[in-house]
Amino acid sequence: ILGERFSLLVFLGMASIIFGIFVLSRERIEKQAFKKKDILLPLGSAFFGGLSMAITKRGFQELSDPLGAAALAGTMALLVALSYALWSKKGSELRASSFSDIKFSLLAGVSLSAALLLNFSALKLGEVSIVAPLLSTFPLFGVLLSSVFLKEKITPKMWLGMVFILAGVSFIQLL
């Protein structure tokens with residue numbers, strides 16, 4: 001869509017990152033059928049995330065400020081979430097009786113906002129074909145940070161997945 005270059009190293013990097021994410025996220029569930037939603041929801045999210053990157057990059061031809069673009073995107077995300085809550089009649093689930101009920105959601109929102117601003121800044125400066133795979137390394141940080149903050153154990157399989165993600169990033173950086 002944007003006419004960006006796509007080299008063998010970018011392809012190898014993306015493939016390595018995707019395989020690393022696969023290794024990190026794969027759970028062995030014996031004798032249990034895969035449900036369509038187990039694949040369709042993450043793929044739908046990935047599709048719309050990728051579409052968002054291309055649209056964002058194209059949008060910088062009109063609005064050059066990453067902060068303004070992030071604010072508009074955040075506002076639209078809020079409107080979409082509220083529309084969904086109304087449409088699905090799940091608005092009552094948005095209630096909280098105390099600050100402690102929502103403090104981690106608020107912290108996650110701050111983190112997500114920072115990620116969105118940095119994402120848009122990276123897209124403004126770089127090509128989507130380079131930035132998108134690098135942004136896809138978030139599971140690596142998720143695993144490492146869950147180990148630190150949640151005391152989750154990093155298994156050998158997780159280390160292997162992280163190695164593939166880092167290898168993918170290295171391939172892309174060789175450009």
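**Notebook: a chain of helices**

I began with Lys151, which sits in the loop between helix 6 and helix 7 (156-173). I note at the outset that the model I am reading is predicted. I looked up the backbone of Lys151 and found a positive phi of about 60°, although the residue is not a glycine. For context, I recorded that most residues other than glycine have a negative phi. I then asked whether Lys151 is buried or exposed. Lys151 is exposed, because its relative accessible area of 67% is over the 50% cut-off.

**Entry: the chain as a whole**

I next looked up the secondary structure. The chain has seven helices and zero strands. Read from the N terminus, the order of elements is α-α-α-α-α-α-α. I also checked burial: 21% of the 175 residues of the chain count as buried.

**Entry: helix 6 and its surroundings**

I turned to helix 6, which spans residues 138-149 and holds Val148. With a relative accessibility of 48%, Val148 counts as partly exposed, because exposed requires a value over 50%. Val148 belongs to a nonpolar surface patch, which I looked up in turn. Phe141, Leu145, Val148, Phe149 and Leu150 make this patch, and its area is about 560 Å².

I then examined the second largest pocket. Which residues line it? The lining consists of Phe138, Pro139, Phe141, Gly142, Leu145, Ser146, Phe149 and Leu150. I sorted these lining residues by kind and obtained six nonpolar, two polar and no charged. The space in this pocket comes to about 280 Å³. I noted that Phe141, Leu145, Phe149 and Leu150 appear both in the pocket lining and in the nonpolar patch.

**Entry: the salt bridge**

I asked how many salt bridges the model contains. The count is one salt bridge. It joins the side chains of Arg58 and Glu62, with 3.2 Å from N to O. As background, I wrote down that side chains of opposite charge can pair when their charged atoms come close. I looked up the accessibility of both partners. Arg58, at 40% relative accessibility, counts as partly exposed, whereas Glu62, at 63%, counts as exposed.

**Entry: helix 7 and the start of the sequence**

My last search concerned residues that are far apart in sequence, and I chose two in helix 7. Ala167 lies in this helix, and Gln173 has its place there as well.

Where does Ala167 stand with respect to Gly13? The two are 154 residues apart in sequence, and their C-alpha atoms are 7.0 Å apart in space. Ala167 is partly exposed, with a relative accessible area of 30%.

I made a similar search for Gln173 and Leu9. These two are 164 residues apart in sequence, with 8.6 Å from C-alpha to C-alpha. Gln173 has a relative accessible area of 51% and is therefore exposed, since the cut-off for that class is over 50%.

Terms used. Residues numbered from 1 in each chain as written. Predicted model: local features only at pLDDT ≥ 70, side-chain atom pairs only at ≥ 80, totals over all residues. Heavy atoms only, no water. 1 Å grid on protein atoms, 1.4 Å probe; cavity = no way out; pocket = protein on both sides within 12 Å on 5 of 7 lines; lining within 4 Å. Points joined across faces, edges and corners; volume = space filled by probe spheres on them. Nonpolar A, V, L, I, M, F, W, Y, C, P; charged D, E, K, R; others polar. Salt bridge = Lys/Arg side-chain N within 4 Å of Asp/Glu carboxyl O. Buried < 20%, exposed > 50% of the residue type's maximum accessible area, 1.4 Å probe, protein only. Patch = residues over 30% accessible without salt bridge, like charges linked within 9 Å, V, L, I, M, F, W, Y side chains within 5 Å. Areas by Shrake-Rupley, 256 points an atom, 1.4 Å probe, with all protein chains shown as cover. Helix = DSSP H or I, 4+ residues; strand = E, 2+ residues; numbered from the N terminus.
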